[in-house]
Amino acid sequence: MSITDLTSMTMPEKENKARIKKMLTKLQEDIPEFCFQCGKCTSGCEAMKLLELEPHKIMSMSKLGFIDELINSDIIWTCITCYKCKERCPQRVAPVEVLYSIKNIAIASGKQVPGEYSNILQSVLVSGLIQAVKEVRTRDLEAKNRDQLGLPPAPAPKDPAKFQQVLMKAATETLG
Amino acid sequence: MAENNRTNDTELLRVGFFLGCVIPTEQYAYELSLRKLMPRLGVELVDLEGFSCCGAPLRSINQNLCKYLSIRNLAICSMAGVDILAPCPICHLALTEAKNLMTSQETSEESERYKTMLAEEGLEYKREITIYHTIDILHDVIGLDKIKENIVKPLGEVEFACHYGCHTIRPTDTGRPDSAEHPEKLENLLKLLGASSRTYPERLNCCGGPLILNLPDSALTKTGQKLKAVQDRGFAGLVDVCPWGHRLLDTRQKNAADTIGEKLDVPVFYLTQLIGLALGIKPEELGLNLNLSPINRIEALNLGGDKVPAAANEPMPGETTEITADTEHQGCD
């Protein structure tokens with residue numbers, strides 16, 4: 001749904017808002033309370049023109065507790081994580097960080113994982129890297145792998161089973 | 001600095017070579033050029049066992065996971081007694097944030113939790129280490145003078161557009177290799193090589209890199225827009241320092257062109273490839289045969305040959321080989 005639809009909805013959610021606030025405070029991030037809607041974040045947002053992301057509106061909605069709408073939206077996944085908002089915010093509020101927390105809650109509450117995120121998570125759990133080692137093509141259309149280029153084997157965890165075990169625990173542990 | 005950093009007189013530094021994910025699985029030119037370049041300038045790259053993803057691509061899924069992944073890679077280096085070189089800016093940012101978390105008094109409770117998790121993997125966060133990126137290790141550690149004395153083949157009068165990317169310069173609070181609003185280290189390095197550069201309005205524009213994971217057409221649109229601006233401003237080529245950027249700007253330039261419906265012919269290089277050329281290292285040893293953008297257009301670089309692949313590189317995960325400009329718009333509706 002578009003941001004206009006989102007902002008025309010009402011019914012703040014105190015519980016979810018408190019969860020986000022706690023999550024952000026625990027992660028030592030700055031909370032939406034301090035945003036005074038200067039709009040610097042949206043002016044610099046790299047996803048604004050192309051994908052209609054307006055970070056200052058996301059901050060306002062977070063402040064007022066409209067978390068459920070955000071969790072269920074596509075808009076939160078349009079953030080390119082360029083960090084211009086965090087850089088330029090005069091109140092050190094960081095919409096990019098608030099968005100990460102909202103996305104985390106969306107996933108934790110069972111929302112469908114968009115795009116390639118499931119695959120890269122799976123890949124990291126199994127091999128330690130987000131994707132398999134690829135064979136690439138040169139300018140002359142020759143196929144080359146790491147070995148043929150004289151490169152050592154790609155990095156990997158020493159004990160993959162232990163690695164996966166610890167990661168699974170980290171993934172399922174909530175931050176309170 | 002960690003204790004095992006200075007080994008002999010000719011060597012400046014030993015660093016753990018942390019490649020992240022994209023470099024060791026597909027952006028081989030960056031790795032090749034670094035492996036050739038760094039020893040020449042007195043930096044020994046140490047390959048350590050056990051490295052994994054830094055966690056940054058998983059931040060949107062679970063930040064806890066992301067932080068642990070970064071911390072474990074720092075722990076591996078600290079156990080080997082070396083600092084770390086992270087040529088990927090996204091890794092560099094994640095690792096720096098992890099280091100700040102482990103160091104700060106405010107997050108001491110969190111860091112204890114992570115130390116417990118490290119112990120389960122048989123790892124230990126022994127001490128604080130310095131985290132370098134390509135830009136600062138070249139510009140600030142090795143230094144411009146040392147690079148200059150090693151130049152044997154200045155690049156000639158070629159004007160490049162510098163693309164810092166996003167994560168090399170933001171957010172300032174975390175501590176980054178160059179300035180957020182007025183970075184200049186890339187331009188300084190290029191000038192040293194005999195080439196030139198100038199600022200341009202789109203210099204700090206994003207290439208769309210991380211968006212490739214869930215909105216590939218939008219990512220390629222950002223890439224196409226950046227390249228079109230560089231092309232329209234009359235630069236001979238573009239220089240980058242990030243594998244997430246290069247994999248779109250160079251490797252998938254044709255896809256970007258198709259996505260925005262424009263003709264794009266922008267030669268794109270990793271900074272380390274250009275420095276390598278100026279130091280007299282052979283093009284093949286710098287992985288220049290892996291650059292898919294029209295790098296041969298720059299006559300002054302004498303790269304010879306005229307073969308440009310007719311087809312785009314392998315498709316991104318989840319995409320078909322054909323990218324058309326009128327692909328359904330993805331995003332909010």
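## A walk through chain B, starting at Tyr164

Begin by selecting B:Y164: setting aside neighbours within four places in sequence, B:Y164 is in contact with B:I169, B:D178, B:P183, B:L186 and B:L204. Keep in mind as you go that this is a predicted model.

**Stop 1: around B:Y164.** Show the backbone on either side and you will find B:Y164 in the loop between β5 (159-163) and α7 (185-192) of chain B. Is B:Y164 buried or exposed? B:Y164 counts as buried because 27 other C-beta atoms lie within 10 Å, and the cut-off for that label is 20 or more. Now add B:D178, one of the contacts named above. B:D178 is 14 residues from B:Y164 along the chain, and 9.0 Å separate their C-alpha atoms.

**Stop 2: the whole of chain B.** Zoom out and colour by secondary structure: chain B has 11 helices and eight strands. Of its 333 residues, 57% count as buried. If you like contact maps, draw one here. Among contacts in chain B with a separation of 6 or more, 77% are between residues 24 or more positions apart.

**Stop 3: the two domains.** Next, give residues 3-132 one colour and residues 146-301 another; these are domain 1 and domain 2 of chain B. Their centres, taken over C-alpha atoms, are 24 Å apart. How many residues of each domain are in contact with the other? Domain 1 of chain B brings 23 residues and domain 2 of chain B brings 27. On the domain 1 side, the elements giving two or more residues are α1, α2 and α4 (89-103) of chain B. Select α2(B) in particular, since you will meet this helix again: it supplies the largest share of that side, nine residues. Colouring the domain 1 side by class gives 14 nonpolar, five polar and four charged residues.

**Stop 4: where chain B meets chain A.** Finally, bring chain A into view. The contact involves 58 residues of chain B and 63 residues of chain A. Which elements of chain B give two or more residues to the side that touches chain A? They are α1 (22-25), α2 (28-40), α3 (63-80), α5 (108-120) and α8 (216-232) of chain B. Here the largest share, four residues, comes from α3(B). Switch on class colours once more, and the side of chain B that touches chain A shows 27 nonpolar, 18 polar and 13 charged residues.

Note on methods: Residues numbered from 1 in each chain as written. Chains lettered and ligands numbered in written order. Predicted model: local features only at pLDDT ≥ 70, side-chain atom pairs only at ≥ 80, totals over all residues. Contact = placed C-beta atoms within 7 Å. Nonpolar A, V, L, I, M, F, W, Y, C, P; charged D, E, K, R; others polar. Domains from an automatic or database assignment. Buried ≥ 20, exposed ≤ 12 C-beta atoms within 10 Å, placed from the backbone.
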